[in-house]
Amino acid sequence: MGGGEEVAYGGKGKGILIHTLTEGNGMPLANSTTPANGSEREQVLPLQDTR
C-alpha cells in the first residue's frame, strides 16, 4: 500500500484524516492532515494556532 511510513493503519487499513477549519460562510481558513488513527479532538487548537 502507498502513503509511506507516516500513514498509520486505521480501522479499514492505511488512511489519513483531513481537518479543515472554516469560517461561518464555509470559506476554509486552515487545513491539516493526520494519520487515520489519530485523535480529531487534539487537532482543534493546532488548527486555530495556524491562523
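Which element of the chain has the lowest mean pLDDT, and which the highest? Colour by pLDDT, the predictor's confidence in each residue, from 0 to 100. Strand β1 (residues 9-10) has the lowest mean, 60, and β4 the highest, 87. Strands here are DSSP runs of E with at least two residues, helices are runs of H or I with at least four, and both are numbered from the N terminus.

**Before you start**

This is a predicted model, in which local features need pLDDT of at least 70 and side-chain atom pairs count only at pLDDT 80 or more, while totals for chains, interfaces and linings use all residues. Residues are numbered from 1 along each chain as its sequence is written, and side-chain values use heavy atoms, with hydrogens and water left out.

**Stop 1: the whole chain**

Show everything as a cartoon. The chain averages a pLDDT of 78, and 71% of the residues score at least 70. Where pLDDT is low, the predicted coordinates should not be read in detail. Count one helix and four strands. From the N terminus, the order is β-β-β-β-α.

Now switch on the surface. About 4100 Å² is exposed, and carbon and sulfur atoms supply 49% of that. The areas come from the Shrake-Rupley method with a 1.4 Å probe; for residues, only the protein chains shown count as cover. Of the 51 residues, 18% count as buried. Buried means under 20% relative accessible area, exposed means over 50%, and partly exposed lies in between (1.4 Å probe, protein chains only).

What share of the contacts between residues at least 6 apart in sequence joins residues at least 24 apart? The share is 20%. A contact means heavy atoms within 4.5 Å.

**Stop 2: the β3-β4 hairpin**

Select residues 16-22, strand β3, and residues 28-35, strand β4. The two strands pair in the antiparallel sense over seven bridges. Pairing requires at least two DSSP bridges between two strands. Pick Ile16: its bridge partner in β4 is Pro35. Then pick Thr22, which stands opposite Pro28 in β4. Five residues lie between the strands of this hairpin. Click Gly26 there: its phi is positive, near 95°.

**Stop 3: His19**

Select His19 in strand β3. Is His19 buried or exposed? His19 counts as buried because its relative accessibility is 8%. Draw a distance from its side chain to the side chain of Thr34: the two make a polar contact at 2.8 Å. A polar contact is a pair of N or O atoms within 3.5 Å; within protein, one must be able to donate a hydrogen and the other to accept it, and residues adjacent in sequence count only if both atoms are side-chain atoms.

Next, show what surrounds His19. Leaving out residues up to four places away in sequence, His19 touches Ala30, Asn31, Ser32, Thr34, Glu40, Gln43 and Leu47.

**Stop 4: Gln43**

Go to Gln43, one of the residues that His19 touches. Gln43 sits in the loop between β4 and α1 (44-49). Its relative accessible area is 18%, so Gln43 is buried. Beyond four places in sequence, Gln43 is in contact with His19, Ser32 and Thr34.

**Stop 5: Thr33**

Return to strand β4 and select Thr33. With a relative accessible area of 53%, Thr33 is exposed. Which residues does Thr33 touch, not counting those up to four places away in sequence? They are Ile16, Leu17 and Ile18. Leu17 is 16 residues away in sequence, and the C-alpha atoms of Thr33 and Leu17 are 5.5 Å apart.

**Stop 6: the loop after β4**

Select Ala36, in the loop between β4 and α1. Ala36 counts as partly exposed because its relative accessibility is 27%. Ala36 and Ile18 are 18 residues apart in sequence, with 9.0 Å between their C-alpha atoms.

Asn37 lies in the loop between β4 and α1 too. At 51% relative accessibility, Asn37 counts as exposed. Its C-alpha atom is 8.5 Å from that of Leu17, 20 residues away along the chain.

**Stop 7: the helix**

Finish on Val44 in helix α1. Val44 counts as partly exposed, at 44% relative accessibility. How many residues separate Val44 from Thr20 along the chain? They are 24 residues apart, and their C-alpha atoms are separated by 9.2 Å.
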